[in-house]
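Open the structure in your viewer and keep the selection tool ready. This tour goes stop by stop, with something to select at each one.

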Amino acid sequence: MTLPAEPEDRGTLTIAPSVVRKIAQHAADQVDGTTRAERRIAGLGLGTHGASAKVGGEGNDVDLVLDVALNYPAPVRRIVGDLRAKVTEEVERITSYQVRDISVTVSALLPDIPPRVR
């Protein structure tokens, strides 16, 4: 029977920045008040997209830059605070990385009602 290796002899686990980015984007999309925005290129509608994130940092510390669309009218300050809390909680819970900074850009305020003309 082989004894389990000591913790310091078991190796390391590295979580890629792309995984942290996807966790942050998913968490941001779960916050009440965020919404999906239409993706358009050269005037053509290409579906919708939720929050986007960029990840930086070093070691066990990560810095996040989020770009989100919010429902209009909305209490922007409260939603951004909820967004920062939710994303920090999820990234730290799933990855054990420490979120050092989150910058949030609200790129769109979109009404809850669909446009009458497309």
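A salt bridge here is a side-chain nitrogen of Lys or Arg within 4 Å of a carboxyl oxygen of Asp or Glu. By this rule, the count is three salt bridges. Keep in mind that this is a predicted model.

**Stop 1: a bridge between strands**

Select Arg100 and Asp63. Their side chains meet in a salt bridge, 2.6 Å from N to O. The pair links distant parts of the chain. Arg100 is in strand E6 and Asp63 is in strand E5, 37 residues apart. Are these two buried or exposed? Partly exposed means between the cut-offs of 20% and 50% relative accessible area. Arg100 has 46% relative accessibility, so Arg100 counts as partly exposed. Asp63 has 22%, so Asp63 counts as partly exposed too.

**Stop 2: two bridges in helix H2**

Now show helix H2, residues 76-95. Select Asp82 and Arg78. They form a salt bridge, with the closest N and O atoms 2.9 Å apart. What separates Asp82 and Arg78 along the helix? About one helical turn, because they are four residues apart in H2. Asp82 is partly exposed, with a relative accessible area of 35%. Arg78 is partly exposed as well, at 45%.

Move along to Arg93 and Glu90. This pair also forms a salt bridge, and the closest N and O atoms are 2.9 Å apart. Both residues lie in helix H2, three residues apart, or about one turn of the helix. Check their surroundings. Arg93 has 55% relative accessibility, so Arg93 counts as exposed. Glu90 has a relative accessible area of 14%, so Glu90 is buried.

**Stop 3: two backbone details**

Most residues other than glycine have a negative phi, and most peptide bonds are trans. The next two selections depart from that.

Select Tyr72 and Pro73. A cis peptide bond joins them, with omega about -5°. Pro73 lies in the loop between E5 and helix H2.

Then select Ser96. Ser96 has a positive phi of about 70°, although it is not a glycine. Where is Ser96? Look in the loop between H2 and E6.

**Stop 4: a nonpolar patch**

Turn on the surface. Select Tyr72, Val76, Val106 and Leu109. Together they make a nonpolar surface patch of about 320 Å². You have already met Tyr72, at the cis peptide bond. Val106 is in strand E6, which covers residues 98-111. At 31% relative accessibility, Val106 counts as partly exposed.

**Stop 5: the cavity**

Rolling a probe the size of a water molecule over the atoms shows where empty space is left. In this model, the count comes to one cavity of 30 Å³ or more. About 30 Å³ of space lies in the largest cavity.

Which residues line the largest cavity? Select Ala28, Asp29, Thr34, Thr35, Gly50, Ala51, Val68 and Ala69 to show its lining. Three elements give two or more residues to this lining: helix H1 (17-29), strand E1 (34-35) and strand E5 (61-72). Color the selection by class. You should find four nonpolar, three polar and one charged residues.

**Last look**

Show strand E5 once more. Strand E5 holds Asp63, one partner of the bridge to Arg100 in E6. Strand E5 also gives two or more residues to the lining of the largest cavity.

Technical notes: Residues are numbered from 1 along each chain as its sequence is written. This is a predicted model: local features need pLDDT of at least 70, side-chain atom pairs count only at pLDDT 80 or more; totals for chains, interfaces and linings use all residues. Side-chain values use heavy atoms; hydrogens and water are left out. On a 1 Å grid over the protein atoms alone, a cavity is a set of points where a 1.4 Å probe fits but cannot get out, and a pocket is an open set with protein on both sides within 12 Å along at least five of seven lines; lining residues have an atom within 4 Å of a point. Grid points are joined across faces, edges and corners, and a volume is the space filled by probe spheres set on the points. Ala, Val, Leu, Ile, Met, Phe, Trp, Tyr, Cys and Pro count as nonpolar, Asp, Glu, Lys and Arg as charged, and the others, Gly among them, as polar. Patches are made of residues with over 30% relative accessible area and no salt bridge: like charges are joined within 9 Å, nonpolar side chains (Val, Leu, Ile, Met, Phe, Trp, Tyr) within 5 Å. Accessible areas come from the Shrake-Rupley method with a 1.4 Å probe; for residues, only the protein chains shown count as cover. Buried means under 20% relative accessible area, exposed over 50%, partly exposed in between (1.4 Å probe, protein chains only).
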